[in-house]
Amino acid sequence: MKSSTTINNAGLVRVGIIPDRNVLSKVQANHRQLLEMILQLFALGGLIALAGGHVLPTREAERRMHPVYTAEPISRWVERSKRAYMPEMTFSSQRVEQYADYWRGIANQTLEQQLESKMRLNTQLAKNLILFLGDGMSIPTITAGRVYLGGEEKQFAFEQFPYVGLSKTYCANMQVADSACTATAYLGGVKANYGTVGVTAAVHMKDCHAQSQPEHHVASIAEWAQRQGMATGLITTTSVTHASPAGVYAHIAHRNWENDADIKADEADPTICEDIASQLVNSQVGQNLNVILGGGRQNFLPEHVRDPSGVLGRRKDGRNLIEEWQRQHTNSAHYVHTRRQLLELSNQTTRVLGLFAPYHMPYHLDADVQEQPTLEEMVQAALKILQRQSAGRGYFLFVEGGRIDHGHHDTLALRAIDETAEFDKSVRWARTHSSMEDTLIVVTSDHSHTMSLAGYSSRKNDIFGINDGQLAADDLPYATLSYANGPGYNTNYLKEGGAIKRKNLRSINMKNKDFMFPTAVPLESETHGGDDVAVFASGPYALLFSGVYEQHFIPHAMAYASCLSDSRSMCSDAGITRRPH
């Protein structure tokens, strides 16, 4: 017997044992071919070292994992499956970026900004609180969004906030969260079970009886604010009865129980476990909300009544909750269903219920500008009302860019990232029209998604296009953005001769807003991701949001900044001032 060392195609060393030729000659003829095949397999695919089963790295392996690209034009791409070449990079700032002083200048500017924002701590009372929630706004979504804005070096408005942290998003019973349990965390300060909203982990999904028990209910930061006389509101681009906004006011054992028909469909009793729309109109928190803006008309209307767009309601109990809401409040409370009605609200308006779609509001790219307001416009209208109605005691506003999440679920990356850009516009407006001294703004996400930004594309390459620096092993281009799973699998693969092959993305219009980006695993709907999400904070006590923490910490930190809930021991004058720390 003798040993041999070989290097396989992957560039990894295999240390092995080869039988002596004298031994082979003694093997019966009908076994010789089998042994030769085994030796060939060892030589071609050996990945394991004899000692301890370890893989021994080589210089070739390092070069394979970290290819070095040369700036050669696309016309000179050769041996594509073995080596790809980076095309010429021609963007306007390339020349100035060649100089070290350019980068040193940016670093010095950033250093000055960091010192200025960190040396003077703002520990004043947060009179006003705004929580912005980008549903499904993962960190890769933010990164891709920068390129969508104009380049890798761009920033969203919320990225300029001085304090940044990471939030751990898992549910009480699930590794990867949904928007229901997370709403209970970042609004109620308690981790809950998957699919449930505003209840403790003692309530499991569809447990109607447990939902009805008051001891299982979790009060939201909106309720804490109302107890102190603050004005409150919610805004979303989804239905106002959807999981995220429901966390403001509802206690529900199933996020899908948005109307009584949904509860009956699950063979539960809506007289025992009240549906979400009914809770919005009849619960104490819901009745005290000054602003409710979003979609979801069909959950408030009887099944025989059509909304202004002609869509029938879904309620089987015959109740018209919109009319119920109107009867509850004075003439200074207004129901609106168009953009124009919202923008023309009187300065005497004390409350507004705005439902601008039968269910979710359209994507920004599809919206009718005459019928649906933008998220930024809804924030503008809301803050005018809240500032008037706060009577000097401040306000709490929850704002959700909810359709970022929906774009990702359908692997419609262009829509998801455009929704992120629209979400940022509302953040920018709110920050520039509020005081840094007394208004705390927190921007975060409830969970991530499986979209990734990968490959070695050149700077300024179209984020929705193909990777321009490398071809795949099948000699075809691949997308810069792709998903781990989802419906994009079926639109990016084809069957040919019994084999499944990838489509050539050069022949597909990837800038079509309805293009489903490629996925590795076929699923009807793309899943959420379990990775941490970012938290950005600006204003009083924003420093509390740096670091890595559980998601349910967020409302407790906001409450401390504003002297709500148990943190009121630090406050005086009924929450108007804060004692020195």
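**Notes on the predicted model**

1. Let's start with a histidine. At 7% relative accessibility, His254 counts as buried, since the cut-off for that label is under 20%. Keep in mind that this is a predicted model. His254 sits in the loop that runs between α10 (243-249) and α11. Leaving out residues up to four places away in sequence, His254 touches Gly195, Met205, Lys206, Asp266 and Ile276. There is also a C-alpha separation of 8.0 Å between His254 and Asp207, a residue 47 places away along the chain.

2. Next, the sheet with β12 in it. Three strands make up this open sheet, in the order β12-β13-β16 and with mixed pairing. β12 (451-453) and β16 (519-522) are the edge strands; each has a single partner, so one side of each is left without a neighbour in the sheet. On average, neighbouring strands here are turned by 20 degrees against each other, ignoring direction.

3. A closer look at one strand pair. Strands of a sheet pair through backbone hydrogen bonds, and the sense can be parallel or antiparallel. For β12 and β13 (residues 481-486) the sense is antiparallel, with three bridges between them. If you want a spot to click on, Met451 stands opposite Tyr483 in β13.

4. Now the helix that goes with this sheet. Helix α6 (residues 139-149) lies across β12 and β13, at about 45 degrees to β12. Which residues of α6 are buried? They are Thr141, Ile142, Ala144, Gly145 and Val147. These buried residues pack against α17 (403-409) and α18, and also against the strands β12, β13 and β18 (533-538). After α6 comes Gly150, with a positive phi near 145 degrees.

5. On to charged pairs. Side chains of opposite charge can pair when their charged atoms come close. This structure has 30 salt bridges. One of them joins Arg314 and Asp262, at 2.9 Å from N to O. Arg314 is in the loop between β6 (291-295) and α14 (321-328), while Asp262 is in helix α11 (residues 260-265), so this salt bridge ties together parts that are 52 residues apart in sequence. As for accessibility, Arg314 is partly exposed at 36%, whereas Asp262 is buried at 17%.

6. Here is a pair within one helix. Glu422 and Lys425 form a salt bridge, and their closest N and O atoms are 2.7 Å apart. Both residues belong to helix α18 (residues 413-432), and being three residues apart puts them about one helical turn from each other. Which of the two is buried, and which partly exposed? Glu422 is the buried one, with a relative accessibility of 8%, and Lys425 is partly exposed at 39%.

7. One more pair, then a network. The side chains of Glu496 and Lys501 meet in a salt bridge with an N to O distance of 3.1 Å. Glu496 is partly exposed at 44% relative accessible area, and Lys501 is partly exposed too, at 39%. Elsewhere, salt bridges that share partners join Asp260, Asp275, Arg315, Asp317, Arg319 and Glu324 into one network.

8. Glu324 from that network is worth a look. You'll find Glu324 in helix α14, where it counts as buried with 16% relative accessibility. Setting aside its neighbours within four places in sequence, Glu324 is in contact with Val281, Asn282 and Arg319. Arg319 is also a member of the network.

9. Last, the largest pocket. How much space does it hold? The computed figure is about 720 Å³. Its lining has 25 residues, and the closest to the centre are Gln113, Gln155, Glu159, Gln160 and Phe161. Two helices, α5 (100-119) and α18, each supply at least two residues of this lining. α5 gives the most, with 10 residues. You have met α18 already: the Glu422–Lys425 pair sits in it, and the buried residues of α6 pack against it.

Notes. Residues numbered from 1 in each chain as written. Predicted model: local features only at pLDDT ≥ 70, side-chain atom pairs only at ≥ 80, totals over all residues. Heavy atoms only, no water. Pairing = 2+ DSSP bridges. Helix = DSSP H or I, 4+ residues; strand = E, 2+ residues; numbered from the N terminus. Axes fitted to C-alpha atoms, helices over the stretch in contact; angles between N-to-C directions. Contact = heavy atoms within 4.5 Å. Salt bridge = Lys/Arg side-chain N within 4 Å of Asp/Glu carboxyl O. Buried < 20%, exposed > 50% of the residue type's maximum accessible area, 1.4 Å probe, protein only. 1 Å grid on protein atoms, 1.4 Å probe; cavity = no way out; pocket = protein on both sides within 12 Å on 5 of 7 lines; lining within 4 Å. Points joined across faces, edges and corners; volume = space filled by probe spheres on them.
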